[in-house]
Amino acid sequence: MKAVILVGGLGTRLRPLTCNTPKPMIPLVNQPFIEAMLLRLRDQGIDEVVLAVQYLADRFVAALGDGSRLNMKLHIIEEPEPRGTAGAVKNVEHLLDGTTFVFNGDVMTDLDLRAMLAYHREKQSKVTISLTPVDDPTQFGLVEMGRDNRVSRFLEKPRAEDITTNLINAGTYIIEPEVLRYVPPAQFYMFERGLFPVILQTGDPMFGFPSRAYWTDIGKPQTYLDVHHDILIGKVRYNFQGQQIADRVWLEGDADIHPSAQIVGPLVIGHGVSIGRGARIIGPSVIGPNCTIGPDVSIEGVVLWEGNQIAEGAVLRNCVLGRNNQIGPKTQISDGAIISDECNLGGDNRLEHGIRIWPGTQLGEQAISF
Ligand code: GTP
């Protein structure tokens, strides 16, 4: 079984975390998101995948190569310029030879792919769209279905009074490659605004596949944090790497943890981490490999990528730090703040209210109280 994963987007909503790292390559519990996704596909019988890359394409090649490390066959195909979601699949059409899964590369889900495939075949569908219910449909594109779950209408960000369903496109599709004849070659073309409305007109069978599987789009800072929390509290199935050393505390390799440090799960601690005297690390949190957490640092609800150095007495809550940042003593980072990579933030700063700090930022002591 073959699949195409769309991983060429700019990931603007997640900037500045995506300045140096394309969104599907950002770590999810210390593992590149796309790697966990590929393993999930492999475990559900998909062993040949085309990655449709564009933005920061070389990062995918360097990390994944031909896929042999993951025991699967991988084709990494770069678009000459962004072609949009349907245009990207059209661009790799020559590699497809039958029923094909297509995935957005930024969706965390435990959808049963085998059940979706059986449904697609039973319905003799040409396009099957996975659907998920949401609480507030006004923020999304809704998919209306008629008898037999045949798709009848797409509604983009409707007003409250126009809402007829709470089901949205969940970013997993099965297509018969023949529908790609409706996609103009070498052009920017989207599924939602291009191909799907055309298929409604041609009358080719297009079905929705509603499911209550776990579903989160990792593409916004808060959803990126939320998905970590959901994994750590066990709301979604996840294969933790490393060894469980205490109640819901996983250690990936070796770490140097001071006996006076307070460690409360759910937590994942990467290889080479050092945690100093009197530090408090409270879950749900992920401490990336080779991070140094100084004495009396307090951390709660945080995702740290690799190589961060947090000096004495700093306080980190509900925030994300990219790679290799240095955080000065007693600096406080909280409330959805995002620090990118290679920043040097002096002591006694306060970074809150969703502030976003770009890569390489240098900040003196007491320079920001935001
Ligand atoms: P934002 O800029 O924050 O909207 O993120 P994004 O660029 O990733 O866009 P969006 O979340 O809508 O994209 C959904 C999926 O399609 C993501 O996995 C993207 O990587 C992918 N994608 C979007 N546009 C393209 C494209 O032009 N080419 C390819 N190959 N993939 C794309």
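Guide: Two strands pair if DSSP finds at least two bridges between them. Keep that rule in hand for the sheets below. The model is predicted.

Visitor: In what order do the eight strands of the open sheet with mixed pairing run?

Guide: The pairing in this sheet is mixed, and the sheet is open. Its eight strands follow the order β14-β15-β18-β21-β24-β27-β30-β33.

Visitor: Which strands stand at the edges of that sheet, each with a single partner strand?

Guide: An edge strand here has one partner, so one of its sides is left without a neighbour in the sheet. That describes two strands, spanning residues 243–246 and 356–357. They are β14 and β33.

Visitor: Which residue stands opposite I339 in β33?

Guide: Strand β30 covers residues 338–339. It pairs with β33 in the parallel sense, over two bridges. Opposite I339 in β33 stands I357.

Visitor: What is the strand order in the open sheet of six strands?

Guide: Here the pairing is parallel. The edge strands, each paired on one side only, are β17 (262–264) and β32 (350–351). The order is β17-β20-β23-β26-β29-β32.

Visitor: Which residue of β26 is the bridge partner of I299?

Guide: Strand β23 holds residues 298–300, and β26 holds residues 315–317. Three bridges join them, and they run parallel. The partner of I299 is L316.

Visitor: How far apart are the end C-alpha atoms of residues 249–348?

Guide: UniProt lists this span, in an unreviewed entry, as "domain: EIF2B subunit epsilon/gamma LbH". The span is 0% helix and 43% strand. Its end C-alpha atoms are apart by 30 Å.

Visitor: How far apart do the end C-alpha atoms of residues 2–231 lie?

Guide: The unreviewed UniProt entry annotates these residues as "domain: Nucleotidyl transferase". The span is 26% helix and 28% strand. Its end C-alpha atoms lie apart by 27 Å.

Visitor: Which helix gives the most to the shell around the ligand?

Guide: The ligand is surrounded by 19 residues, and the closest are L6, T12, R13, E79 and G84. The shell divides into six nonpolar, eight polar and five charged residues. The helix that gives the most, with three residues, spans 84–91 and is α3.

Visitor: How much of the ligand's area does the protein bury?

Guide: Start with the backbone. An N or O atom of L10 lies 2.8 Å from a ligand oxygen, one of G11 lies 3.1 Å from a ligand oxygen, and one of R83 lies 3.3 Å from a ligand oxygen. Taken alone, the ligand exposes 610 Å², and the share buried by the protein is 84%.

Visitor: Which residue of β10 is the bridge partner of E144?

Guide: Strands β9 (residues 141–145) and β10 (residues 151–156) run antiparallel, joined by five bridges. G141 stands opposite E156 in β10. The partner of E144 is R153.

Visitor: Which residue in the hairpin of β9 and β10 takes a positive phi near 65°?

Guide: Five residues lie between the two strands. N149, in the loop between β9 and β10, has a positive phi of about 70° although it is not a glycine. The residue with phi near 65° is D148.

Visitor: Does N149 count as buried, exposed or partly exposed, and why?

Guide: Buried means under 20% relative accessible area, and exposed means over 50%. N149 has 25%, so it falls between the two limits and counts as partly exposed.

Visitor: What is the relative accessibility of N30?

Guide: N30 sits in the loop between β2 (27–28) and β3 (31–32). Its phi is positive, about 65°, although it is not a glycine. N30 counts as partly exposed, because its relative accessibility is 21%.

Visitor: Is T165 buried or exposed, and why?

Guide: T165 is found in the loop between β10 and β11 (167–175). Its side chain reaches the backbone nitrogen of L167 at 3.0 Å. The relative accessible area of T165 is 15%, which is under the 20% limit, so T165 is buried.

Visitor: How far apart in space are N349 and E161, C-alpha to C-alpha?

Guide: N349 lies in the loop between β31 (344–345) and β32. It is buried, with a relative accessible area of 1%. N349 and E161 are 188 residues apart in sequence, and in space they are apart by 46 Å.

Visitor: What is omega for the peptide bond from G283 to P284?

Guide: P284 lies in the loop between β20 (280–282) and β21 (285–287). P266, in the loop between β17 and β18 (267–269), has a cis bond from G265 with omega near 5°. The bond from G283 to P284 is cis, with omega near 0°.

Technical notes. Residues numbered from 1 in each chain as written. Predicted model: local features only at pLDDT ≥ 70, side-chain atom pairs only at ≥ 80, totals over all residues. Heavy atoms only, no water. UniProt positions renumbered as here; feature names shortened; annotations may be inferred. Helix = DSSP H or I, 4+ residues; strand = E, 2+ residues; numbered from the N terminus. Near = heavy atom within 4 Å. Polar contact = N/O pair within 3.5 Å; in protein donor to acceptor, adjacent residues only side chain to side chain. Areas by Shrake-Rupley, 256 points an atom, 1.4 Å probe, with all protein chains shown as cover. Nonpolar A, V, L, I, M, F, W, Y, C, P; charged D, E, K, R; others polar. Buried < 20%, exposed > 50% of the residue type's maximum accessible area, 1.4 Å probe, protein only.
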